Amino acid sequence: MNSNQLIEQWLIAGYKNTGRSEHTIVAYQREVRTFIAFLQNYTGESVSVKLLNSIDRRTIRSWMAEEAQRGVSPRSIARKLSALKSFFRWFTDEYKLDASIIETTRAPRFQSSVPKPISIKGARQVIEQVGAQAKEPWVGARDIAIMSLLYGCGLRISEALSLQQDILPLRDSLRVVGKGNKERVIPVLPHTQEAVANYANLCPYIDHANKPLFFGLRGGSLNQRIVRKVVEQARISLGLPPQSTPHALRHSFATHILNEGGDLRTIQDLLGHSSLQTTQMYTQVDASRKKSVYKDVHPRY
């Protein structure tokens with residue numbers, strides 16, 4: 001069995017038809033293929049079950065060293081290693097072989113970056129700007145609706161674009177299926193309800209059938225790249241920093257709630273985080289804000 005067949009078996013068994021996003025599947029497939037290409041070059045052999053089972057710690061370290069030399073960050077290497085561990089975990093179960101070397105390999109250390117939220121004023125400006133810069137009224141309404149969902153409900157872009165027309169009319173709560181097929185219910189503010197309703201009234205492709213809610217200019221599925229370009233154009237027009245991305249609106253949603261006294265458990269539920277540890281990064285954002293305020297107002301500064 002060749003490497004392509006092994007990878008396909010792994011993806012079918014562990015990821016396809018399990019609710020995982022296509023982005024995740026493609027990324028994991030790419031990382032394993034890249035490792036296999038390295039392995040073939042490193043050993044001078046064609047990849048086989050026997051070769052995969054003979055991998056030692058030196059091989060893994062050589063692979064990580066090569067990735068680092070290519071300029072790959074420690075965080076990205078850790079993500080790549082996570083994909084490999086998933087593949088070799090399946091490999092061990094499927095072929096009753098030992099892949100403990102991979103499983104026990106530690107990723108390089110890296111410092112978790114603190115999310116960079118947009119200010120409340122900046123978030124409002126982005127929402128207004130994406131509507132003003134659109135050439136078609138319904139496209140402007142669409143972009144406002146999407147930004148309102150990202151900032152008003154804390155949705156990921158993928159979650160917003162996966163919404164179907166059956167949510168119309170949008171009420172005061174929204175059921176969302178996120179990463180890992182995890183479902184959560186999010187309160188919806190009147191402003192967001194109005195933005196979505198306005199878009200639905202203007203969009204020429206809305207027919208309330210079992211179809212996507214958001215469309216591209218010609219009626220096809222709306223691509224995430226378009227949303228990112230729309231926000232980038234708004235960011236440049238407003239003179240906002242480069243970190244003002246669509247995902248930053250989700251960070252802003254969580255940070256602003258925390259700043260107003262929201263608790264971490266609530267934010268965890270709203271964001272759909274499986275672990276509270278992931279949500280705790282927003283306490284670092286809050287601490288950074290407090291330090292900035294302290295420096296601005298303390299007499300010594």
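Are K80 and E67 buried or exposed? In this predicted model, K80 is buried, and E67 is buried as well.

**Salt bridges**

The whole structure contains nine salt bridges. Three of them are listed here with the distance between the closest N and O atoms.

| Residue | Partner | Closest N and O atoms |
|---|---|---|
| K80 | E31 | 2.8 Å |
| K80 | E67 | 3.6 Å |
| E159 | R156 | 2.4 Å |

K80 appears with two partners, E31 and E67. In the pair of K80 with E31, distant parts of the chain are linked: K80 belongs to helix α5 (residues 74-95) and E31 to helix α2 (residues 22-43), and the two are 49 residues apart. K80 has a relative accessible area of 12%, and because buried means under 20%, K80 counts as buried. E31 is also buried, at 6%.

The pair of K80 with E67 likewise links distant parts of the chain, with K80 in helix α5, E67 in helix α4 (residues 57-69), and their positions 13 residues apart.

The bridge of E159 with R156 has its closest N and O atoms 2.4 Å apart. E159 is buried, with a relative accessible area of 2%, and R156 is buried at 10% relative accessibility. Elsewhere, salt bridges with shared partners connect R30, E31, E67, R70 and K80 in one network.

**Nonpolar cores**

The largest nonpolar core comprises 49 residues, and M147, L149, L155, L174, Y199, L213 and F214 have the most contacts inside it. Elements giving two or more residues to this core are α7 (120-132), α8 (137-153), α9 (157-161), β1 (173-177), α10 (190-202), α11 (224-238), α12 (246-259) and α13 (264-271). The greatest contribution comes from α8, with 10 residues.

Which residues does L213 touch, leaving aside those up to four places away in sequence? L213 touches L163, Q164, Q165, I167, L168, V196, Y199 and I206. Y199, one of these residues, is also among those with the most contacts inside the largest core.

A second core, separate from the largest one, has 21 residues, including I36, I55, I60 and V72.

**Cysteines**

How many disulfides does the structure hold? The structure holds zero disulfides. C153 has 0% relative accessibility and is therefore classed as buried. C203 has a relative accessible area of 6% and so is buried too.

Key
Residues are numbered from 1 along each chain as its sequence is written. This is a predicted model: local features need pLDDT of at least 70, side-chain atom pairs count only at pLDDT 80 or more; totals for chains, interfaces and linings use all residues. Side-chain values use heavy atoms; hydrogens and water are left out. A disulfide is a pair of cysteine sulfur atoms within 2.5 Å. Buried means under 20% relative accessible area, exposed over 50%, partly exposed in between (1.4 Å probe, protein chains only). A salt bridge is a side-chain nitrogen of Lys or Arg within 4 Å of a carboxyl oxygen of Asp or Glu. Helices (H or I, at least four residues) and strands (E, at least two) are DSSP runs, numbered from the N terminus. A nonpolar core is a set of buried Ala, Val, Leu, Ile, Met, Phe, Trp, Tyr and Cys residues joined through side-chain atoms within 4.5 Å. Contact means heavy atoms within 4.5 Å.
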